[in-house]
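Okay, thanks everyone, I'll keep this short. Let me put the structure up, and then we'll walk through one interface and a couple of side topics.

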Number of protein chains: 10
Amino acid sequence: MAQHDLDLQLLGQKTNYHFEYNPDVLESFDNRHPDTDYFVKFNTPEFTSLCPITNQPDFATLYISYVPDQKLVESKSLKLYLFSFRNHGDFHENCIVVIMKDLIKLLDPKYIEVWGKFLPRGGVSIDPYANFGKPGTRWETIAEQRLAQHDLYPETITNR
Amino acid sequence: MAQHDLDLQLLGQKTNYHFEYNPDVLESFDNRHPDTDYFVKFNTPEFTSLCPITNQPDFATLYISYVPDQKLVESKSLKLYLFSFRNHGDFHENCIVVIMKDLIKLLDPKYIEVWGKFLPRGGVSIDPYANFGKPGTRWETIAEQRLAQHDLYPETITNR
Amino acid sequence: MAQHDLDLQLLGQKTNYHFEYNPDVLESFDNRHPDTDYFVKFNTPEFTSLCPITNQPDFATLYISYVPDQKLVESKSLKLYLFSFRNHGDFHENCIVVIMKDLIKLLDPKYIEVWGKFLPRGGVSIDPYANFGKPGTRWETIAEQRLAQHDLYPETITNR
Amino acid sequence: MAQHDLDLQLLGQKTNYHFEYNPDVLESFDNRHPDTDYFVKFNTPEFTSLCPITNQPDFATLYISYVPDQKLVESKSLKLYLFSFRNHGDFHENCIVVIMKDLIKLLDPKYIEVWGKFLPRGGVSIDPYANFGKPGTRWETIAEQRLAQHDLYPETITNR
Amino acid sequence: MAQHDLDLQLLGQKTNYHFEYNPDVLESFDNRHPDTDYFVKFNTPEFTSLCPITNQPDFATLYISYVPDQKLVESKSLKLYLFSFRNHGDFHENCIVVIMKDLIKLLDPKYIEVWGKFLPRGGVSIDPYANFGKPGTRWETIAEQRLAQHDLYPETITNR
Amino acid sequence: MAQHDLDLQLLGQKTNYHFEYNPDVLESFDNRHPDTDYFVKFNTPEFTSLCPITNQPDFATLYISYVPDQKLVESKSLKLYLFSFRNHGDFHENCIVVIMKDLIKLLDPKYIEVWGKFLPRGGVSIDPYANFGKPGTRWETIAEQRLAQHDLYPETITNR
Amino acid sequence: MAQHDLDLQLLGQKTNYHFEYNPDVLESFDNRHPDTDYFVKFNTPEFTSLCPITNQPDFATLYISYVPDQKLVESKSLKLYLFSFRNHGDFHENCIVVIMKDLIKLLDPKYIEVWGKFLPRGGVSIDPYANFGKPGTRWETIAEQRLAQHDLYPETITNR
Amino acid sequence: MAQHDLDLQLLGQKTNYHFEYNPDVLESFDNRHPDTDYFVKFNTPEFTSLCPITNQPDFATLYISYVPDQKLVESKSLKLYLFSFRNHGDFHENCIVVIMKDLIKLLDPKYIEVWGKFLPRGGVSIDPYANFGKPGTRWETIAEQRLAQHDLYPETITNR
Amino acid sequence: MAQHDLDLQLLGQKTNYHFEYNPDVLESFDNRHPDTDYFVKFNTPEFTSLCPITNQPDFATLYISYVPDQKLVESKSLKLYLFSFRNHGDFHENCIVVIMKDLIKLLDPKYIEVWGKFLPRGGVSIDPYANFGKPGTRWETIAEQRLAQHDLYPETITNR
Amino acid sequence: MAQHDLDLQLLGQKTNYHFEYNPDVLESFDNRHPDTDYFVKFNTPEFTSLCPITNQPDFATLYISYVPDQKLVESKSLKLYLFSFRNHGDFHENCIVVIMKDLIKLLDPKYIEVWGKFLPRGGVSIDPYANFGKPGTRWETIAEQRLAQHDLYPETITNR
Ligand SMILES: [Ca+2]
Ligand SMILES: [Ca+2]
Ligand SMILES: [Ca+2]
Ligand SMILES: [Ca+2]
Ligand SMILES: [Ca+2]
Ligand SMILES: [Ca+2]
Ligand SMILES: [Ca+2]
Ligand SMILES: [Ca+2]
Ligand SMILES: [Ca+2]
Ligand SMILES: [Ca+2]
Ligand SMILES: [Ca+2]
Ligand SMILES: [Ca+2]
Ligand SMILES: [Ca+2]
Ligand SMILES: [Ca+2]
Ligand SMILES: [Ca+2]
Ligand SMILES: [Ca+2]
């Protein structure tokens with residue numbers, strides 16, 4: 001409840017942006033429909049981080065989709081969290097897994113998946129995808145099935 | 001039958017629009033093919049509501065798809081119902097679940113799903129999806145399967 | 001054989017168009033490959049009928065797909081049949097089910113499905129979908145499975 | 001200068017939304033490059049107003065493009081201004097001309113054009129376009145030329 | 001003024017559709033901005049008529065764009081007028097020119113153009129385009145220029 | 001008049017297809033609007049001919065657009081004429097110019113242009129374009145202008 | 001080995017095209033990876049044949065996809081084979097099944113499917129699809145499953 | 001010449017990225033074809049800067065197009081220059097004009113234009129465009145003409 | 001670890017490109033998340049090799065997707081490896097299988113798949129697809145299932 | 001004439017590919033329609049060259065469009081000529097100008113333009129465009145006009 005109040009506050013006030021990796025900005029609020037399994041997807045086409053080797057900016061669209069249990073992620077705090085990668089250096093694959101794990105820690109969701117589609121570097125682009133189902137629930141099996149069926153139809157890429 | 005007459009009347013006469021949440025405007029009529037399982041999908045690209053915190057208008061396309069049992073929703077009343085969110089403040093996720101529950105109450109359908117695709121705020125967009133299968137029928141299992149398979153191929157988002 | 005001759009005749013001669021619902025114009029011919037299960041799909045983007053309440057014209061693209069048993073539908077007669085809805089008033093949902101049932105009666109197919117995608121009225125469009133598998137064959141189960149998997153990825157609708 | 005300060009304030013604070021037509025919310029700030037002719041275009045895909053006859057909501061994307069003279073329109077105030085049409089009833093054509101005239105009054109620009117692309121009602125959509133060049137400058141002639149060349153390639157419309 | 005009242009009436013009441021060519025249904029109302037030259041475009045993707053020889057239905061999207069002088073065409077009456085071609089037989093080219101002439105007669109506009117894009121028959125589609133500028137005004141010259149520049153970039157056609 | 005009757009006949013009867021180049025199949029009929037300059041465009045995505053050297057089939061979409069004077073080309077005869085290239089060998093560039101000249105001979109039009117977009121051979125595709133304006137009329141100048149402005153925005157080609 | 005040599009020869013020399021149905025031109029070569037199950041798909045957007053009744057040309061894109069056993073089809077011979085339908089008259093459905101059977105005879109593949117997507121005639125297009133799995137292998141079951149899942153998302157058709 | 005050597009060095013070595021506005025990183029090299037007027041366009045879809053008021057990241061695609069005189073901009077230095085806006089706060093309009101002026105200072109080009117297409121904030125996006133022709137040359141007039149003709153066909157924006 | 005260092009070195013230094021097939025350039029580094037099954041996909045739209053018979057260049061987009069076990073492929077070394085096919089002659093099918101096998105040898109992954117989509121030659125394009133699951137793990141079964149479900153919706157090909 | 005014979009020979013025989021810049025492979029043949037001004041456009045999506053500094057392969061689509069005078073370029077020789085850049089190192093801008101000049105030398109055309117659209121390196125792509133009109137003819141002026149009007153609507157670039 002207190003957390004929810006915080007969210008309301010965040011959504012209606014001026015924001016301080018952090019440009020160094022900072023999972024503490026993530027906030028959650030209570031799920032009003034814990035009896036219902038449903039998906040919430042965030043489309044975030046403005047993700048940017050730095051290559052840890054060359055320091056060159058990288059750009060991606062992230063698709064974050066989850067089935068809440070008791071908590072939902074507050075959308076503005078999620079945006080602040082993703083902005084905190086702006087001047088942070090990490091590999092594409094690690095960014096995706098780290099984001100998923102931070103959200104698991106925050107939300108303890110029934111299910112979550114994170115798909116990053118990065119802009120190409122040198123003519124090659126990389127798209128990591130990770131997912132997770134809560135152990136001991138049917139979502140553990142669903143996570144395995146979704147991974148097994150992942151991306152049978154890769155998006156056509158022509159670089160233009 | 002009486003309800004059906006009411007629908008005909010609605011479809012051919014001038015309409016009074018309500019801009020405050022009002023599930024009472026929903027009307028149904030009899031399914032002439034209760035022996036056949038079939039889908040009816042409504043594409044409604046003009047959904048708009050208000051953010052409960054900032055009072056800012058939000059916009060979405062809703063995809064409502066259901067398998068009728070004894071009743072169908074009258075399309076004009078559905079439109080009026082959706083218009084009634086225009087000046088109503090609620091979170092994206094709640095709007096979707098509330099719409100699904102109002103239609104379950106009205107129609108007692110074999111199956112129903114509601115998918116909202118909202119326009120971005122601050123570079124991030126949110127797409128909630130909920131579904132429901134009538135307990136004790138095969139549609140209960142189908143609902144679980146459809147949720148488990150939901151959105152394996154997220155729509156490409158570039159914000160332009 | 002006689003029916004087939006009739007088809008040939010239809011395809012090569014001038015046509016009389018009927019604009020009132022008329023299932024009698026439907027013609028079939030013999031399937032030369034009854035040992036093989038295969039699909040035949042008709043894309044018919046020129047379907048038009050009348051709203052039974054307002055008398056306003058409605059427009060749709062129909063996708064009719066079936067697995068023949070002993071008979072195939074003659075394509076020109078199918079076109080004439082669909083044209084016969086031009087000045088006929090009926091609801092979207094009924095049009096789709098009626099077309100499916102008329103083709104079942106004509107062809108006794110192993111499987112058939114009909115999907116109508118109607119143009120919007122008042123900002124909302126409706127897409128009914130019905131299917132059928134021959135009872136007592138594996139296509140009965142397939143029909144249930146296809147219905148259960150129907151339209152997990154609704155076509156994006158923006159109204160422009 | 002004082003006006004500019006106000007803009008900064010608006011952009012960083014919580015907003016009060018008005019849903020009745022209100023041109024007073026429009027704010028401007030000083031053009032730092034009055035020696036340079038350049039275009040600024042606003043893409044606003046979330047315009048909504050009411051039909052003055054049926055009270056039904058209408059939806060449009062507006063493209064507002066202008067060449068500033070001494071002033072620029074503050075973007076957040078423009079958004080508030082457009083939101084103020086939300087519960088206001090007016091015809092499509094009048095909305096477009098009124099918006100153009102309000103901006104001329106605010107900015108006294110060298111050139112301005114407003115193009116509205118409305119969602120269809122009953123299968124027909126309407127796209128009004130108006131423009132204006134400051135009398136006595138070369139932009140008066142340019143406005144006439146741009147009107148004469150307007151929309152030689154209409155956007156393809158299929159309603160789906 | 002009286003004409004305007006009639007329009008309001010049309011827009012808010014039930015409609016009688018005519019399916020035989022009937023230019024009398026066209027209605028106009030007063031232009032509130034006769035001092036301003038602006039375009040109004042109607043996108044009508046639901047035009048259908050009959051081939052005068054084969055009686056086969058034809059389908060088209062019409063783009064009607066004009067610069068009003070003293071009058072605007074009332075949109076619902078335009079829709080009724082276009083519906084009146086539904087069971088009327090005429091060649092593609094004649095339909096387009098007749099529609100343009102009927103609107104010139106109704107509106108006496110400064111400028112008007114009508115572009116029809118018909119669905120293919122036998123693998124070939126036909127797109128007639130006609131325009132008109134009021135004699136003795138600069139729009140007479142503009143009409144000639146627009147015709148001279150017409151369709152330098154034909155829409156890509158693949159028939160699927 | 002007699003020619004017009006022949007057209008009507010062609011359109012409603014069975015056709016004999018010729019697959020060797022045969023300009024004699026082209027037919028015209030009278031233009032009912034010789035007082036009006038307007039465009040008629042034919043989209044013909046099914047053109048095929050043979051390479052004169054390798055005998056390999058070539059495929060193209062042709063865009064034929066003209067401003068009639070006293071005559072229009074009958075659409076079915078145009079289709080037959082284009083089919084007559086099916087087993088005829090000629091270079092891409094010559095096909096386009098020959099088609100234009102045959103239509104000039106038939107129609108004596110005010111203006112005509114023919115644009116062929118051929119499918120690639122060996123990763124390279126060729127798109128010839130020719131046009132013509134009647135000497136001594138303003139269309140002679142317009143033809144030169146249209147050629148000078150031709151294809152400033154080449155269609156994006158990726159071969160997939 | 002000898003067969004392979006023949007392929008090399010075909011690929012590097014001038015070709016004699018046949019325009020009458022001729023399955024003898026089909027050639028195969030040895031699969032170097034018989035231990036691996038993999039798909040090879042041919043996209044052939046230039047298929048054309050004749051309607052057996054009207055003699056009118058028909059056009060299609062064929063998608064041929066198979067899992068080789070001991071043999072692969074030589075690509076140039078496949079092209080020659082498909083060209084041999086150019087002046088051959090047969091119904092759409094038969095063309096597809098015949099092509100599949102000829103390739104089964106040539107290759108004895110583990111699996112094969114052929115999907116034809118024909119251009120419309122009279123506003124209606126037809127898309128036959130047939131497949132086959134080698135009896136007694138797991139591909140027999142896979143063929144049934146693929147047929148059962150065939151085309152749940154029909155390609156959007158607008159005819160333009 | 002020395003400058004050119006520096007470029008070669010830049011292109012083949014590891015890079016130091018600057019994230020504060022820094023026009024000094026821009027480098028040029030000699031145009032080998034000063035006798036020929038030609039365009040060079042840079043597509044840079046990864047531009048990002050900060051809002052000077054809220055400190056929120058902004059994202060844009062920049063299209064920079066110029067006609068060189070004696071110098072060309074070295075592409076890697078241009079990329080570094082654009083990266084230097086990453087943590088720099090400025091308004092959209094100013095970014096575009098500043099970039100144009102920095103490049104004019106570096107290159108003294110015959111002509112240059114810069115078009116920024118920014119991602120939306122709060123549902124509204126802004127696209128500034130500025131251009132420049134060298135005074136006393138024909139490119140001064142061309143710049144005025146290009147500005148007068150700018151963006152007659154605004155890109156369709158739906159925010160999804 | 002040593003290998004990882006090598007990768008870092010590769011990513012930040014000038015590169016020596018090899019244009020003859022050279023699997024030795026492939027480098028791997030340690031997977032930091034071996035407890036998590038996740039996909040990594042490489043989109044490489046710039047693959048080119050030579051036809052072994054005609055010596056003609058071939059072009060393709062490759063989609064390489066795998067689930068790592070202990071190792072990940074270093075992206076720059078993958079790019080160098082793919083460039084090494086530039087002057088190497090091999091058939092489409094063999095290229096795809098060889099690339100998959102080289103990566104299996106390098107990475108010993110849980111799962112891998114390689115899909116090549118080649119540009120057309122003579123109007124026909126070829127798309128080979130191969131996959132592999134580690135024997136004795138659930139990925140062996142998943143590989144079979146993914147192959148069985150491969151490409152039920154072939155990409156639409158029009159050659160333009 | 002002799003030249004024309006050589007072309008025929010080239011088109012029907014096996015080819016020797018050169019991968020070092022070699023303008024001597026270019027061949028021409030006589031224009032049969034020197035009395036007619038018409039455009040011929042080559043779409044060549046498979047251009048590849050090397051970066052002269054890093055030796056990295058670059059990829060582009062070239063659009064070559066010209067108005068012939070007495071000669072046409074033989075298409076297969078053009079393809080061979082473009083392939084000869086495969087292992088040749090040069091900057092993007094120089095490639096485009098050199099290709100234009102080689103074709104001017106070969107053909108002495110009335111008009112020619114070459115537009116290269118290169119795939120991105122490091123997130124930035126470059127599109128050079130050069131053109132030429134024969135001095136002393138109206139095409140000299142047209143070339144200037146086309147350059148002045150070049151690319152007012154840059155292709156949307158998102159890198160995915
Ligand atoms: Ca891309
Ligand atoms: Ca978007
Ligand atoms: Ca739509
Ligand atoms: Ca202000
Ligand atoms: Ca639409
Ligand atoms: Ca009226
Ligand atoms: Ca089409
Ligand atoms: Ca005639
Ligand atoms: Ca292509
Ligand atoms: Ca062989
Ligand atoms: Ca189509
Ligand atoms: Ca330099
Ligand atoms: Ca957008
Ligand atoms: Ca293609
Ligand atoms: Ca020659
Ligand atoms: Ca791109």
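So, let's start with one residue pair: Asn43(B) has Ser125(C) as its bridge partner in strand E6 of chain C. Keep in mind as we go that this is a predicted model. That pair takes us to the strands themselves. Strand E2 of chain B, residues 38-50, is joined to E6(C) by 6 bridges, and the two run antiparallel.

Now let's zoom out to the whole contact between these two chains. How many residues does each chain put in? Chain C gives 33 and chain B gives 34. About 3,100 Å² is buried between chain C and chain B, with carbon and sulfur atoms giving 58% of that. If you look at what chain C buries against chain B, 18% of the area comes from Leu147(C), Leu152(C) and Tyr153(C), and no other three residues supply more.

Okay, on to the polar side of things. Between chain C and chain B we get 12 residue pairs in polar contact, counting pairs with both residues at pLDDT 80 or more. As for salt bridges, the rule finds 2 across this interface. One of them involves the side chains of Lys41(B) and Asp151(C), at 2.9 Å from N to O.

Which elements of chain C are doing the touching? Helix H3 (92-107), strand E6 (125-133) and helix H4 (138-148) are the ones that give two or more residues to the side facing chain B. E6(C), our strand from the start, has the largest share there, with 6 residues. And by residue type, that side of chain C splits into 15 nonpolar, 10 polar and 8 charged.

Let's leave the interface for a moment and talk about rings. Searching the whole structure turns up 119 aromatic pairs over all chains. Here's one from chain F: Tyr111(F) and Trp139(F), a tilted pair with 5.8 Å centre to centre and 35° between the planes. This pair links distant parts of the chain, with Tyr111(F) sitting in strand E5 (residues 111-118) and Trp139(F) in helix H4 (residues 138-148), 28 residues apart.

Last bit: some chains don't meet. Chain G and chain H don't touch, and their nearest C-alpha atoms are 19 Å apart. Chain E and chain J don't touch either, with 13 Å between their nearest C-alpha atoms.

That's what I had, so over to you for questions.

Methods: Residues numbered from 1 in each chain as written. Chains lettered and ligands numbered in written order. Predicted model: local features only at pLDDT ≥ 70, side-chain atom pairs only at ≥ 80, totals over all residues. Heavy atoms only, no water. Contact = heavy atoms within 4.5 Å. Buried area = accessible area lost by both parts, 1.4 Å probe. Salt bridge = Lys/Arg side-chain N within 4 Å of Asp/Glu carboxyl O. Polar contact = N/O pair within 3.5 Å; in protein donor to acceptor, adjacent residues only side chain to side chain. Helix = DSSP H or I, 4+ residues; strand = E, 2+ residues; numbered from the N terminus. Nonpolar A, V, L, I, M, F, W, Y, C, P; charged D, E, K, R; others polar. Pairing = 2+ DSSP bridges. Phe/Tyr/Trp six-rings, centres within 6.5 Å; stacked < 30°, edge-to-face > 60°.
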